[in-house]
Amino acid sequence: MSSSEWTCPLPHPMSETVTLSHGAGGKLSADLVDQVFLPAYGNEVLTGKSDSGEFASPEALGRLAITTDSFVVKPLFFPGGDLGSLAVYGTMNDLAVQGAKGLALTAAWIIEEGFSIGELRRLAESVGKAARECGIRILAADTKVIERQRGDGCYLTTSGVGWIRDGIELGVAKVRANDCVLLSGTIAEHGMAVMAFRDHLAFEPPLESDCSALWSMLDVLLQRVPGVRVMRDPTRGGIAASLNEFATATNLCFRIQEESIPIRPQVHRACELLGMDPWVVANEGKVLIVIAKENVDTALQVLRAHPLGRESAVIGYVDETFRGRVVAETRFRTQRVVPMPTGELLPRIC
C-alpha cells in the first residue's frame with residue numbers, strides 16, 4: 001500500500017457527526033461526554049465520572065421505587081417534544097403513578113454512527129431541561145455507538161428512582177366495585193402528533209404531543225384526596241390497554257361512557273382520517289385514576305385546578321357485571337367490549 005492510500009482510523013476532533021470511535025472509550029468518548037452531555041445536564045456526581053452515583057434518601061420513612069424504560073421514537077423531534085424530554089417525562093411519570101416522587105435518573109444513549117453531534121446536543125439539552133423541571137438529577141450515564149443504519153439515529157434508555165411517602169398505598173388489589181374512573185384530560189395527542197408529523201400531514205389547529213411531567217399534579221392529589229386506589233399513565237396501547245390491564249388484574253368490569261372521554265376535535269379528525277381508534281393511541285401526559293366514589297368531587301377539583309388536569313373527567317365506574325372486561329357504553333346506548341390492543345399500530349412513538 002502506498003503512503004497516499006493510508007488513512008487515519010481516528011476522526012477529526014472537530015467532526016460534526018458521531019463516529020464509531022466516539023463509542024470506543026478513549027479520548028473521543030471523553031470529549032463527547034465533556035462537550036455534549038456534561039454541559040447539558042452535568043452535576044457534581046456526573047463530573048466525578050464514577051461508574052455509579054449516590055444520593056441521600058429525602059425522608060426517614062417510606063419506600064424506594066425504581067423503574068426503567070427505553071425510548072425509540074421516530075422522528076426524534078416532534079411537535080410538543082423530542083426523544084430527550086419524552087424519556088425524562090415518561091420515566092418520571094411511571095414513578096408518579098405509583099405515588100413516588102422522582103429523585104434521580106440514569107441515561108444510556110445508543111447512537112448510530114454518522115448521527116449529528118448538533119442534534120445530539122439538542123437532545124441532551126432537552127434531557128437537562130426536563131430533569132430540572134422535574135427536580136431530579138442525572139446520576140449515572142453511558143454512551144454506546146453502533147454501526148450505520150442499525151439504530152435509526154439515536155435511542156435512549158433510562159432508569160428512574162423515586163421515593164414513596166409512608167401512607168401512600170396504591171395498587172389494583174385496592175380497587176372495589178362502585179369505584180369511579182377518572183381521566184386527567186384529552187387523549188391520543190402524542191401518538192397522532194408523532195404520526196402526522198412523520199407522514200407530513202397538516203391539521204388545523206396543529207397536532208401537538210401532550211408530553212409532560214405528571215408529578216406536580218399527582219402530588220397534590222395524593223396529599224389532599226383519600227381514596228385513590230390505583231393510577232396508570234396510558235402510553236403504548238392507550239387507555240384501552242390500561243383499562244384492560246385493570247380489568248384483568250381485578251377481575252372486575254370497567255364500564256366506560258364513550259361520550260365522557262375528552263378528545264380534541266383536530267385529534268378526532270386525524271384519527272378518523274387515518275383509521276385509528278383514539279382509545280389505543282399513546283398518551284404521554286395523561287393519567288387514569290381509579291378512586292372511591294365518595295372522593296370523586298374533591299379529586300376533580302384538585303385535578304382541574306392544575307394546568308395539566310383542567311379537562312379532567314369521570315369517564316366510568318367499576319362493577320361486577322362482565323368480570324375481567326372493559327365495556328364501552330356508546331352514544332346510542334349500546335354496549336361493546338373493548339379488547340386489549342394487538343399488533344403494532346404506531347411504530348416508534350415512545
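Helix α3 (residues 83-96) lies across strands β1, β4 and β6 and runs at about 30° to β6, where contact means heavy atoms within 4.5 Å, and where axes are lines fitted to C-alpha atoms, for helices over the stretch in contact, with angles running from 0 to 180 degrees between N-to-C directions. Helices (H or I, at least four residues) and strands (E, at least two) are DSSP runs, numbered from the N terminus. The model is a predicted one, in which local features need pLDDT of at least 70 and side-chain atom pairs count only at pLDDT 80 or more, while totals for chains, interfaces and linings use all residues. Residues are numbered from 1 along each chain as its sequence is written, and side-chain values use heavy atoms, with hydrogens and water left out.

The strands beneath this description belong to an open sheet of 4 strands, ordered β1-β6-β4-β5 with mixed pairing, two strands being paired if DSSP finds at least two bridges between them. Since β1 and β5 (137-146) stand at the edges and each has a single partner strand, one side of each is left without a neighbour in the sheet. On average, neighbouring strands of this sheet are turned by 15° against each other, direction ignored. The pairing of β4 with β5 is in the parallel sense and extends over 9 bridges, and within it Ala104 stands opposite Arg137 in β5.

Helix α3 also meets helix α4 (residues 117-134), their axes coming within 7 Å and crossing at roughly 30°. The two helices are therefore roughly parallel to each other; angles under 35 degrees count as roughly parallel, over 145 as roughly antiparallel, 65 to 115 as roughly perpendicular and the rest as oblique. The contact involves Leu83, Gly84, Ser85, Val88, Tyr89 and Met92 on the α3 side, and Leu123, Ser126, Val127, Ala130, Ala131, Glu133 and Cys134 on the α4 side.

Two further helices have buried residues that pack against α3. In α5 (189-198), 8 of the 10 residues are buried, so that the helix is mostly covered; buried means under 20% relative accessible area, exposed over 50%, and partly exposed in between (1.4 Å probe, protein chains only). Among the buried residues of α5 are Glu189, His190 and Met195, and the buried residues of this helix pack against β2, α3 and α8 (265-274). After α5 comes His200, whose phi is positive, near 60°.

In helix α6 (residues 215-224), the buried residues are Trp215, Met217, Leu218, Asp219, Leu221 and Leu222. They pack against α3, β4 (100-112), β8 (228-232), β10 (288-291) and α9 (296-304). Leu218 and Leu221 are, with Trp109, Leu120 and Ile289, the residues that touch the most other members of the largest nonpolar core, which has 67 residues. Such a core is a set of buried Ala, Val, Leu, Ile, Met, Phe, Trp, Tyr and Cys residues joined through side-chain atoms within 4.5 Å. Apart from this core lies another, of 35 residues, including Ala240, Phe246, Val280 and Ala328. Not counting residues up to four places away in sequence, Leu218 touches Ala96, Val97, Met231, Val287 and Ile289.

Strand β9 (residues 253-257) has 4 of its 5 residues buried, so it is largely enclosed by the rest of the structure. It is joined to strand β11 (residues 313-319) by 4 bridges, the two running antiparallel, and Cys253 stands opposite Asp319 in β11. With strand β12 (residues 326-329), β9 pairs in the parallel sense over 4 bridges, and there the bridge partner of Arg255 is Val327.

Several loops hold backbone features of note. The peptide bond from Lys74 to Pro75 is cis, and Pro75 is in the loop between β1 (63-71) and β2 (77-78). A cis peptide bond also joins Glu204 and Pro205, with Pro205 in the loop between α5 and α6. The table gives two residues other than glycine that have positive phi.

| Residue | Phi | Loop | Relative accessible area |
|---|---|---|---|
| Asn178 | near 85° | between β6 (154-164) and β7 (180-183) | 56%, exposed |
| Arg333 | near 65° | between β12 and β13 (335-337) | 79%, exposed |
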